[in-house]
Number of protein chains: 2
Amino acid sequence: MGFKIIGREGRARAGVLKTAHGEVETPVYMPVATQASVKALSQEDLDSLGVKAILSNSYHLYLRPGTSVIKQAGGLHRFMKYEGMILTDSGGFQVLSQADLRTIDDFGVSFKSHIDGSAHRLTPEKVIAIQSELGSDCWTALDVCAPYPSDEAQTKLALERTMRWLDLSEKTFLQKKAEGSESLFFPILQGGFFAPLRLQAAEHMSKIQADGISLGGFSVGEPKALTWEILGKTTEVLPEQKPRYLMGVGTPEDLWDAVSLGIDMMDCVWPTRVARNGQVMTRVGRYNISNSFCRTNFEPLESSCSCFVCRRYSKAYLSHLHRSRELSAHRLISYHNIHLMLVLAREIRQSILDGNFAEKRREFFSRIKKDSKDVLALVS
Amino acid sequence: MGFKIIGREGRARAGVLKTAHGEVETPVYMPVATQASVKALSQEDLDSLGVKAILSNSYHLYLRPGTSVIKQAGGLHRFMKYEGMILTDSGGFQVLSQADLRTIDDFGVSFKSHIDGSAHRLTPEKVIAIQSELGSDCWTALDVCAPYPSDEAQTKLALERTMRWLDLSEKTFLQKKAEGSESLFFPILQGGFFAPLRLQAAEHMSKIQADGISLGGFSVGEPKALTWEILGKTTEVLPEQKPRYLMGVGTPEDLWDAVSLGIDMMDCVWPTRVARNGQVMTRVGRYNISNSFCRTNFEPLESSCSCFVCRRYSKAYLSHLHRSRELSAHRLISYHNIHLMLVLAREIRQSILDGNFAEKRREFFSRIKKDSKDVLALVS
């Protein structure tokens, strides 16, 4: 159990994370199974894609189907029949963005369910207990994510509460560990877009018995330049030997950029969310399948792609399915998009091991086209 | 090319239909790919299910993506990448049930598209030409399906128009055949629920160079007893050597009953439509996955089922997916339901060959439970 770095180039790292459910090669992109399902895909699809790690969400699973149902099933892996590594988000972000009538105090958050309006309370201790019942492999801690924009005082308040909660979470985590739990602890580092606050958070984190560090509070509406500026300053002061997980960030471009700043793990709903709107990701940029060019183009979504969708179906057919609102369009385009993310993550890892990450990254960005017409010309 | 009967028991028949895209063992249940997609499933799913024949719809494909797109793709098989037999419905039923502002005259039907309101006209000749461009294996003919209930005069008018159109369709079919088409002709026999009209239709059909006979105008809201009464009187006078295709009828019970009256082929959207509402079909009846019993039942949808869904997932998980409105619920339950239909059709065929169809049919009905509680107790 634990993390081993096996290659470096600049600040980029290639490693292996050992968990109770297998080894995960990093850098890794983790598809998001918010409600114990990567939207539109089945676990057979995850197997055939070679997905070794996914993210799921304590907040959603706690509300539905309920922690006790999953515990009865023998844990989340058995419930959803997925044997890879599962990291669970703490719910801090979700309570703030999705729940109704929330009130935060020093010891937790009270809110009403976005599903049925029922009243609930989450505390740092309870969130660890929930993750323990889910049996996920990596646990996060309840946090307060400051909205964007927030001023320094607001952000500081959110961070202070997050740090206080982290102390309580750590206590419960260590209890569970003492009781035999093999799950790893990946508490969330906040601090918004104020470097001094991020450094304060990192300083506090260095005293926590964490197996890895989750970087929260990014991708909340800020400009990309600010993301990388603050992320870079934060990873600089984090311990080298612990894996760093950047939460909720994950376009193909983000993968290369985040890894260049020392990130090892990422998750993002983006590839599957945009797929349901018909957006196709390729190594040279994106286009929408509803583009009229696709109606009579009988080439695959991306000519160089080896996924089963590209091996069998044409843009014309997928364009027809999407226009006709056929459900299979969602699955097929989601599969292709996730496939690309996994292929890119593997290539990034290999380039670090080969010592040509910087070169490959330049190459990748030099090929990206912003105009979907140019993308379509290249992939058809 | 053509149909061969290889076994009989009473009026039930087991046969083989040879088409340009493979041999189809009958009795057969054909899943419905209205818009060139069996809803929520992919063609990999059809392959793994062993689906040898599907139904698609001229009316829908003509409107979207348009016949010319499919012709450019090299035909419907290449467009959707399905190599089994495809039978296409004529659109007669769809124009009457879905299109706006339709006006029928002696030579065809004018209507506005249900998609974009554009004006169109279908004639018997044009419907054959459309199917020729689609390249489907079995073609039907434009017909007028009388709504239920209709009086004898109304039904007679609809039938007379259908017969007149059939003469025109046959002419175009024979032309296409002379030009080298290998597709089979399955014109539609109408006549509503008046036995003398059905006999008149059969008499007219006997003069048509048909490869098979489609039985239309059933399952339009009439009581089941009336379906079987009129169907039985109709099949009685049809030529023995031609395959009979009962259009749009297909619950598990219907399969056994229709075959007992000499039906060889059936299609129905029912198994996939109800799946999207959470309805699970089993050999002993149906239940809805949203039944509260399912929330904490960790057994498969049907314990005796060998489909991939039942081999991997539990009712509890599928119940969660359905309640959470996850798209994969639609695919997984649709797959299970179609799997059952195919298994039943194969068992029916085998029982005819073994000479115990009547016994197996009795057994099947004796096991059917109407109450979903009883069903759940049996399959869990």
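Which residues in H12(A) meet H13(A), and which residues in H13(A) are met? The model is predicted: local features need pLDDT of at least 70, side-chain atom pairs count only at pLDDT 80 or more, and totals for chains, interfaces and linings use all residues. Residues are numbered from 1 along each chain as its sequence is written, with chains lettered from A and ligands numbered from 1 in the order in which they are written.

Select residues 315-323 and 327-354 of chain A, which are helices H12 and H13 (DSSP runs of H or I, at least four residues, numbered from the N terminus). From H12(A), Leu318(A), Leu321(A) and His322(A) meet Ser328(A), Ala329(A), Leu332(A) and Ile333(A) of H13(A); contact requires C-beta atoms, placed from the backbone, within 7 Å. By class, this contact has five nonpolar, two polar and no charged residues (Ala, Val, Leu, Ile, Met, Phe, Trp, Tyr, Cys and Pro are nonpolar; Asp, Glu, Lys and Arg charged; the others, Gly among them, polar).

Next, select chain B beside chain A. The contact takes 35 residues from each of chain B and chain A. On the chain B side, helices that each supply at least two residues include H1 (43-49), H2 (58-73) and H13 (327-354). That side divides into 16 nonpolar, ten polar and nine charged residues.

Finally, select residues 124-134 of chain B, helix H5. Its buried residues (20 or more other C-beta atoms within 10 Å of their own, C-beta atoms being placed from the backbone) are Pro124(B), Val127(B), Ile128(B), Ile130(B), Gln131(B), Ser132(B) and Leu134(B). After H5(B) comes Gly135(B), with a positive phi near 75°.

Definitions and conventions
Axes fitted to C-alpha atoms, helices over the stretch in contact; angles between N-to-C directions. Contact = placed C-beta atoms within 7 Å. Buried ≥ 20, exposed ≤ 12 C-beta atoms within 10 Å, placed from the backbone.
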